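Trainee: Could you take me through one part of this model slowly? I would like to see how a single helix sits against its surroundings.

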2 protein chains.
Amino acid sequence: MATTDRGPTVIVVGGGFGGLYAARALGRRGVRVGLIDRVNYHLFQPLLYQVATAALSPGEIAEPLRAILRKYRNVEVILAEVTRIDVDHHSVTLDDGTELHYDYLVLSTGARHSYFAHPKWESTAPGLKSLADALEIRRRIFLAFERAEREPDAAKREALLTFVIVGGGPTGVELAGAISEIARHTVSKDFRHFDPRQARVILLERADRILEQYPPDLSAAAKRALEHLGVEVHTGTGATDVQPDHVVVGDQKIPTCTTLWAAGVASSSLGRQLGLEVDRTGRVAVQPDLSIPHHANVFVIGDLAAFRQPNGKLLPGTAPVAIQQGEAAADNIWRTITGKPRRDFHYFDRGSMATIGRAAAVADIRGLHLTGHLAWFAWLFVHLLYLIGFENRLLVLVQWAASYVSYERGARLITGPWQVGTRGSGPARGD
Amino acid sequence: MATTDRGPTVIVVGGGFGGLYAARALGRRGVRVGLIDRVNYHLFQPLLYQVATAALSPGEIAEPLRAILRKYRNVEVILAEVTRIDVDHHSVTLDDGTELHYDYLVLSTGARHSYFAHPKWESTAPGLKSLADALEIRRRIFLAFERAEREPDAAKREALLTFVIVGGGPTGVELAGAISEIARHTVSKDFRHFDPRQARVILLERADRILEQYPPDLSAAAKRALEHLGVEVHTGTGATDVQPDHVVVGDQKIPTCTTLWAAGVASSSLGRQLGLEVDRTGRVAVQPDLSIPHHANVFVIGDLAAFRQPNGKLLPGTAPVAIQQGEAAADNIWRTITGKPRRDFHYFDRGSMATIGRAAAVADIRGLHLTGHLAWFAWLFVHLLYLIGFENRLLVLVQWAASYVSYERGARLITGPWQVGTRGSGPARGD
């Protein structure tokens with residue numbers, strides 16, 4: 001970072017919702033900020049499943065961090081990986097060995113999916129956290145149909161046309177609904193050797209209902225909406241084995257070539273460098289002002305933070321929580337700089353919502369339960385509102401309107417490693 | 001392919017402009033067609049440089065072949081690689097060993113860039129033919145700026161901010177103009193340790209003028225427009241060496257970390273399997289009806305064909321030529337099936353155009369020479385018109401309108417292999 005004498009320096013690690021909103025709030029107040037991320041863009045995570053299911057292109061839900069923060073000359077974006085954090089000496093070390101000093105640190109490096117005790121399931125059943133994950137899932141879904149078209153064996157074809165989603169939270173529900181729509185509408189007339197509408201989409205949830213964090217009536221409504229789309233919803237049951245050609249559920253073996261993972265998260269490993277205890281998923285317990293014990297100048301926010309509310313419950317790892325924590329951490333830093341007392345963080349829950357397919361959703365807005373079209377419009381409005389970048393909003397709106405009318409999905413490209421033949425394999429023509 | 005008794009079978013290899021338009025024309029007439037491609041989409045090549053320079057997303061210039069051909073139940077899309085062609089036994093072999101019989105074959109597998117006698121330059125100076133190429137070029141352009149931001153050494157920073165484009169045809173001209181605009185406008189305020197407007201963009205052309213295939217006055221107009229954008233145009237000179245940190249031009253060594261290749265093409269190797277002579281760039285000499293000598297049921301079209309016009313000149317490898325040849329080959333097949341004599345192919349030259357930056361272009365429309373804004377609007381109109389898919393047209397129009405107003409580029413993501421630090425390196429967070 002450029003060294004000047006303009007007061008304290010804040011280092012923010014991670015350009016997701018928490019880090020970006022913190023950097024913006026500090027940028028607005030003229031504080032010197034260095035925002036470090038390993039990628040050059042802010043990703044609008046809530047729409048990532050739409051990239052995985054070809055409804056949107058990566059560029060439509062990502063915005064360059066430099067462009068978002070351009071107008072704050074006091075904010076510097078640093079494309080780098082943090083390899084070490086030294087809270088005693090107030091410094092972070094980057095991948096190229098550079099050591100950066102901070103007066104305040106905001107750590108918001110998020111989470112990735114967790115396979116609990118089964119790390120080797122990861123290559124078989126990809127999860128959905130990054131753009132690369134989304135493109136990999138998109139590739140697997142559409143390649144499965146292509147392989148089915150060239151598969152002469154009926155049993156193998158059936159396995160290719162069976163999609164299993166492990167985990168019935170919002171991501172699992174959204175993926176299952178979208179994949180079922182792809183099979184029943186988008187590609188329903190695209191193949192000549194099988195009927196894509198016969199594809200099976202199976203959603204597995206270990207708890208006794210899907211969307212467990214929602215009120216029971218909304219879980220039930222979501223289940224009905226999914227079943228209406230042709231999804232088989234299995235609750236009270238999880239996968240006990242995941243293999244490339246099948247999954248085991250209870251005493252049942254389900255032949256499938258496409259298993260997707262939406263079942264658990266583990267926080268970024270950087271949290272472990274703070275010298276504090278972390279919980280089972282790697283989260284750091286933070287104090288009411290979002291700082292960590294013994295280091296009042298270090299804040300942890302977003303999915304990496306375990307924030308216990310006054311009612312004893314931990315806050316979930318969602319975008320609204322991260323956004324509000326980012327702004328609250330920035331506010332507490334500003335208060336400290338200007339000699340005011342810090343404020344405890346209070347989460348204002350505006351509600352939660354999940355979509356099921358093209359025009360249905362469930363929403364819990366401060367006790368008001370919405371389902372169906374109405375919930376879907378609410379979902380649409382809120383997501384467009386929070387999507388960063390005017391151009392992105394317009395493009396996403398165009399894509400949604402077009403898909404709504406035509407059931408088409410604008411980004412149905414199979415890119416990356418390629419294997420469609422039953423015997424042969426080879427790289428795609430460079431694509 | 002499904003076997004039925006509905007008359008002769010046409011196999012089309014390659015889903016670019018030639019193959020797609022041939023398959024469509026045959027599909028409309030109810031002929032049984034198998035269209036084979038290694039990728040699942042038709043790529044709108046003329047806008048590929050806009051993906052390489054982050055103005056458009058891949059999904060916006062690609063449309064699934066199955067979606068385009070969906071309504072022709074007699075057309076089957078086969079996602080596969082052709083490994084062998086046997087013109088004597090009328091069959092093609094796929095990567096998985098499947099052998100497909102044809103009555104008529106249309107070969108339109110196109111071209112890739114050629115490095116002439118310097119194949120090892122390929123990894124240093126990527127060319128632009130596929131979506132993967134475009135994303136690789138996009139990654140290199142934007143990573144160069146990121147690396148410059150973290151480079152303390154002034155000479156090294158200068159090399160990072162020097163972009164060399166080898167080849168002054170339409171692709172080279174379009175790339176050079178777009179990169180100069182990125183530096184001077186899009187990212188001009190995004191960095192804190194250097195001024196992106198100091199970046200150098202150098203266009204090298206071996207001939208004595210750029211856009212050699214255009215009339216001289218348009219070449220001169222294009223050169224002026226490029227220079228106005230800050231591009232250094234060097235004609236009558238090529239690169240004699242290409243290394244990761246410099247290129248050699250005449251007796252000059254230009255330090256640069258980003259060299260792009262727009263200098264030559266070589267046709268697909270499948271042409272060599274026809275048992276005929278091919279020219280220096282691998283093209284197959286075709287007869288006036290687009291079939292090959294000795295095999296009246298085999299047609300070669302597009303970039304793979306060397307078609308000599310009555311005036312003795314070979315047709316260039318452009319989209320309009322491929323489109324017209326695809327339709328002409330389909331027509332000659334249909335004439336043969338229905339017992340009518342074939343027609344010789346005549347290219348109808350509607351004109352050629354190339355863009356220079358955001359709002360300038362040169363166009364030669366049947367002798368009418370346009371430059372500047374007017375040519376740019378003509379370019380815009382024609383490209384939107386030929387872009388396949390209504391949704392794509394709308395999205396591209398939105399992107400263009402937004403960039404026109406804001407100089408912003410909606411797809412500025414750095415994806416793929418990642419190396420920004422001067423010492424360290426590591427994978428991006430999965431993106």
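**A close look at helix α9 of chain A**

Mentor: Gladly! Let us begin on the outside: the face of α9(A) turned away from its buried side carries the exposed residues His373(A), Leu374(A), Phe381(A) and Leu385(A). Exposed here stands for 12 or fewer other C-beta atoms within 10 Å of a residue's own, buried for 20 or more, and partly exposed for anything in between, with C-beta atoms placed from the backbone. Before we go on, a word on the source: this is a predicted model, in which local features need pLDDT of at least 70 and side-chain atom pairs count only at pLDDT 80 or more, while totals for chains, interfaces and linings use all residues. Residues are numbered from 1 along each chain as its sequence is written, and chains are lettered from A and ligands numbered from 1 in the order in which they are written.

Helix α9 of chain A covers residues 372–386. Helices are DSSP runs of H or I with at least four residues, strands are runs of E with at least two, and both are numbered from the N terminus. With 15 residues at 1.5 Å a residue, α9(A) should span 21 Å, and the 22 Å between its end C-alpha atoms agrees with that; the expected span is 1.5 Å times one less than the number of residues.

Now turn to the inner side. The buried residues of α9(A) are Ala375(A), Trp376(A), Trp379(A) and His383(A). Seen down the axis of α9(A), these buried residues fall within an arc of 100°, so they line one face of the helix; the arc is taken from the directions that run from the helix axis to the C-beta atoms.

What do the buried residues of α9(A) pack against? Their partners are β23 (352–356), β24 (360–365) and β25 (368–371) of chain A. Val362(A) gives a good view of this: leaving aside neighbours within four places in sequence, its contacts include Ala375(A), Thr371(A), Met353(A) and Ala354(A). Contact means that two C-beta atoms, placed from the backbone, lie within 7 Å. Among the other contacts of Val362(A) are Leu211(A), Tyr214(A), Leu218(A) and Ala222(A).

Val362(A) and Ala222(A), along with Val362(B) and Ala222(B), have the most contacts inside the largest nonpolar core, which has 274 residues. Such a core is a set of buried Ala, Val, Leu, Ile, Met, Phe, Trp, Tyr and Cys residues joined through C-beta atoms within 7 Å. In soluble globular proteins, nonpolar side chains tend to be buried together.
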